[in-house]
Amino acid sequence: MSSSATATSRSRSSGGSAAFVASPYRRWFIRGILPGPGPEGPWFSTPRAAFGAGRETVSRLGGTGRSGLFTEHGAHLAWHSPSREKVPRVRKGVTAEGVVLATHVPVAPVVPGEPSTASSAEPSTVLSAEPSAAVFRASRAQQRMYFLQELEGNRPTYHMPVFCAFDAGADVDPDLLRDCVHRLVDRHEALRTRFVLADGELTQRVDASARLDWAVETTDGDGDGAARHWMEAQYRRPFDLAAGPLFRAALLCRPEGAVLALGMHHIVGDGWSAGILLREILEDYAAATDGRETPVRIGEPEFQYADFSEWQEEWLRGPAAERQLAYWAERLGGELPSSAIPADHRPTAVPAPGAPAPRAAATHEVPLPDAVLERVDRVCRDTGATRFMTLLAALQVVLGRWSGSEDVLVGTPVANRNRKEFADTAGLFVNTLVIRSDLTADPRFLDHVTAVRDTVADAQDHQDLPFERIVEHLNPGRATERAPFFDVLFGLHDEDDTTAGLPGPRVRLLEGPSDTAKFDLTFDVVRSGGGLRLRLEYRADLYRAATIERFAGHYLRLLDAAVGEPHRPLSALPMLADGEHLPLTSPLPAAAARTPGRCAHELFAEHAARTPGAVAVTDGARRLRYADLDRRANRVAHRLRALGVGPGTLVGLCVPRSAELVVGLLGILKAGGAYLPLDPDNPPERLRHIVGDAGLGHVVGTTGTRPLWDASGLRAVDLETDAAELDRLPATAPDSGVTPDDLAYAIYTSGSTGHPKGTLVPHRNITRLFSATDHWFGFGADDVWTLFHSIAFDFSVWELWGALAHGGRLVVVPYATSRSPEEFRRLLRDERVTVLNQTPSAFHQLDRVDADALREDRLALRQVVFGGEALDVGALRGWFRRHGDTAPRLVNMYGITETTVHVTYRPLTARDAEEGRGSVIGVPIPDLRLHLLDGRGGAVPRGAVGERRRLPSRQPRTPQ
């Protein structure tokens, strides 16, 4: 390849001193060109006029993530701006005194030396045109862009490359093209602007002359490979914001057709500006090659960006800006919901090998069918809305379904060029609006579109306040890598109109590189090739490609249904594919254990007969062997049978956490009854409520707990007072006649009303819980478990039978020890516990103590099971760094009392912790089905926010 040298730009702008200009504006006073703050803000066009007409255009330059035509926050401008709808603009003519424009409140001409007679209560401001100065305050948008670039370092996140290819037959003259670019830099001060930060003040310095960064390279052609490599190199070339230049151009000459690259930093331009620059270069080139002796030259724009930025700064000090700020404070103040698509991954500063880089961009595109578009247009006619509004309304519904929120916020950029005087000025004009919709009333889609129409109109009426000012005032407090207020940006723009109708050789836009996503999701609707398509740019470090593909499919499906039947309420609009309505399931291995046709206490008895000398329960220094535990429980059962207990009888169990608690529980079950926990550590009022609500007639307790349960009419077994009598009863099990379908226990939960309510669980549910999870855990006689939790918490069911139904050992954890992480860890070490069950909050305390333990003071754990609370997986990083993620294996299980302890299973990994994942719950236990529903009972997509509903399997295992 060959390369040319750079050139120097010649500017017609006069030099100035390096100081702020004295006047608010810097050109001659031109009456009425830029008004001061009027009743509707600074701009004279009203977007509502456009909405009423129901007509629309899209902005003239289409840009994509690949071509790099970005908006202020990195999305691509060529966006549809509702304020640029095709409606008549009411204008006055150009007079000797200057341009006078009509607005909501007429502005009268201003006579030199006389005050304005405008009828507005807030007088018009006129524009000064003093000789050009060198230094001006940076605009609010430029200040934010400078800050964002500082955060990015040398990454090309805010580079704005535009690549266009000339037809293969076009004979492009590099020298003529260079001269066109030269003149372009002369015309637009923004292209000669640098940024200097001094004493905490960011200024834009407009150089009277600036170096033109121009290069030409030639390749013999090897398909698109050389061009792609060259475009990638152009995109990644760094900019120095202080030294400049911040605009450059290059040409690649190749047999397939030359490629022109225009590059600028976002701080000096936006997507609209990129369109201006490309159009002017091509027009100038066409004029230079049309054979005329004196080519027609493009004139300098009437106003430059520094004029706008200084005028805007003064406007921000006026009452109109305060009114707009009050509007946005009302719309966006307070705590805001998240409308984000739930992430598949949590980003990390240092990604794992093979994982996407932080904020790496990926795209997905899919066409919007013409038939759907026709129905979209019909809804637009019926509601007086635009395509932009209707397509946005559908996106809000889909986002609401995915995020689980009916309060949905979406960002959208606006060109912010309502004044024709700035239509051809390069600069960072773009602004961002936040469109918020409330879907809680479940309106008809037609009514929702109407509401979105009005919301967009209101936002457009208040679009003049810089987004940066709103962020500064409301301080939403989000992380620096997230956009304030919203996570999804929406736009509608046109790529067909980019170069249409321009003279000279034909060119077409090329997809350029863009490796950094500025938002979680940028949702573009693009007109290209005569049709519309969806272009979704997303953070690959957050989302899998399959997730975004599903999201796009859901949008198309819901949009099709919505515009087909717009009178249906939002909740009735289908979004999921047929296969997505199926519940979540997980396969059960063919060799998995089948649910035994026996009760849990019968499985215990089998182990007592097979290994009578094995220790069943450890309670401090006491060791209760299986045979001894079985005999004692049988005697309690005989006593209860004599008191009338049988299948279906509820028996209160009020015994402190001890070996006697296990004796009493087994005795109740062996008698055929069902135990009802009465934890002595619970408040007496709660216990009295439970006893009365359940209508208890029988209790197993101790002398020490008698005041908590003793009442007239209760038939009781006191394990202490009645010990001598119990010892005289038979040591063999009574014939109770209980079956797996009979009641095993009842546990009172807090209840949604705040009053305890009872949940009834049969024996079969206990045994199936372990048989259906056996292939995951493989519990056995060598396992040592802890009875850590209250008998009134159903986690204790998992602990008791995990040990006793598998021939293992159960270690009773005294209440005081359970409240001391140091003592509890010593117990785990001394008893060589292998299976630990913990709520996340309890484990985090243990983890803290474990971090201080000596390396040789290791635990014998092989499984740690979490339940009872939401788990912050990121908090486990330290544990995984010390122990790894296989020994022990940490497992998160979700469930509620009504589902018999657990419903789902998710083994955790060190990568989960490093990614900072939330409370991942995994897959359902194989004999269960899990349905994810929204607040109205409708199915939600996999990976979305919803409410879990558990149903029994369609084909339950046959007991044997």
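**Helix packing, nonpolar cores and a buried glutamate**

In this predicted model, helix α7 (residues 319–332) and helix α10 (residues 445–461) pack with their axes coming within 10 Å and crossing at roughly 145°. On the α7 side, the contact is made by Q324, Y327, W328 and R331; α10 brings in T455, D458, A459 and D461. Sorted by class, that makes a mixed bag of three nonpolar, two polar and three charged residues.

Turning to the nonpolar cores, the largest one holds 84 residues. Within this core, F445, F523, F551 and Y555 are the members that touch the most others. Helix α9 (residues 387–403) is the top contributor, giving eleven residues. For a look at one of those well-connected members, take F551: leaving aside residues up to four places away in sequence, F551 touches I341, L395, V398, L399, W402, L521, F523 and L536. Another core lies apart from this one, with 66 residues that include A637, L769, A803 and V812.

Then there is E660, a residue of helix α15 (residues 659–670). Is E660 buried or exposed? E660 counts as buried because its relative accessibility is 19%, and the cut-off for buried is under 20%. The side chain of E660 is joined to that of R622 by a polar contact of 3.0 Å. Again not counting residues up to four places away in sequence, E660 touches R622, R632, V655 and L719. R622 thus turns up both in the polar contact and among the residues that E660 touches.

Terms used: Residues are numbered from 1 along each chain as its sequence is written. This is a predicted model: local features need pLDDT of at least 70, side-chain atom pairs count only at pLDDT 80 or more; totals for chains, interfaces and linings use all residues. Side-chain values use heavy atoms; hydrogens and water are left out. Axes are lines fitted to C-alpha atoms, for helices over the stretch in contact, and angles run from 0 to 180 degrees between N-to-C directions. Helices (H or I, at least four residues) and strands (E, at least two) are DSSP runs, numbered from the N terminus. Contact means heavy atoms within 4.5 Å. Ala, Val, Leu, Ile, Met, Phe, Trp, Tyr, Cys and Pro count as nonpolar, Asp, Glu, Lys and Arg as charged, and the others, Gly among them, as polar. A nonpolar core is a set of buried Ala, Val, Leu, Ile, Met, Phe, Trp, Tyr and Cys residues joined through side-chain atoms within 4.5 Å. Buried means under 20% relative accessible area, exposed over 50%, partly exposed in between (1.4 Å probe, protein chains only). A polar contact is a pair of N or O atoms within 3.5 Å; within protein, one must be able to donate a hydrogen and the other to accept it, and residues adjacent in sequence count only if both atoms are side-chain atoms.
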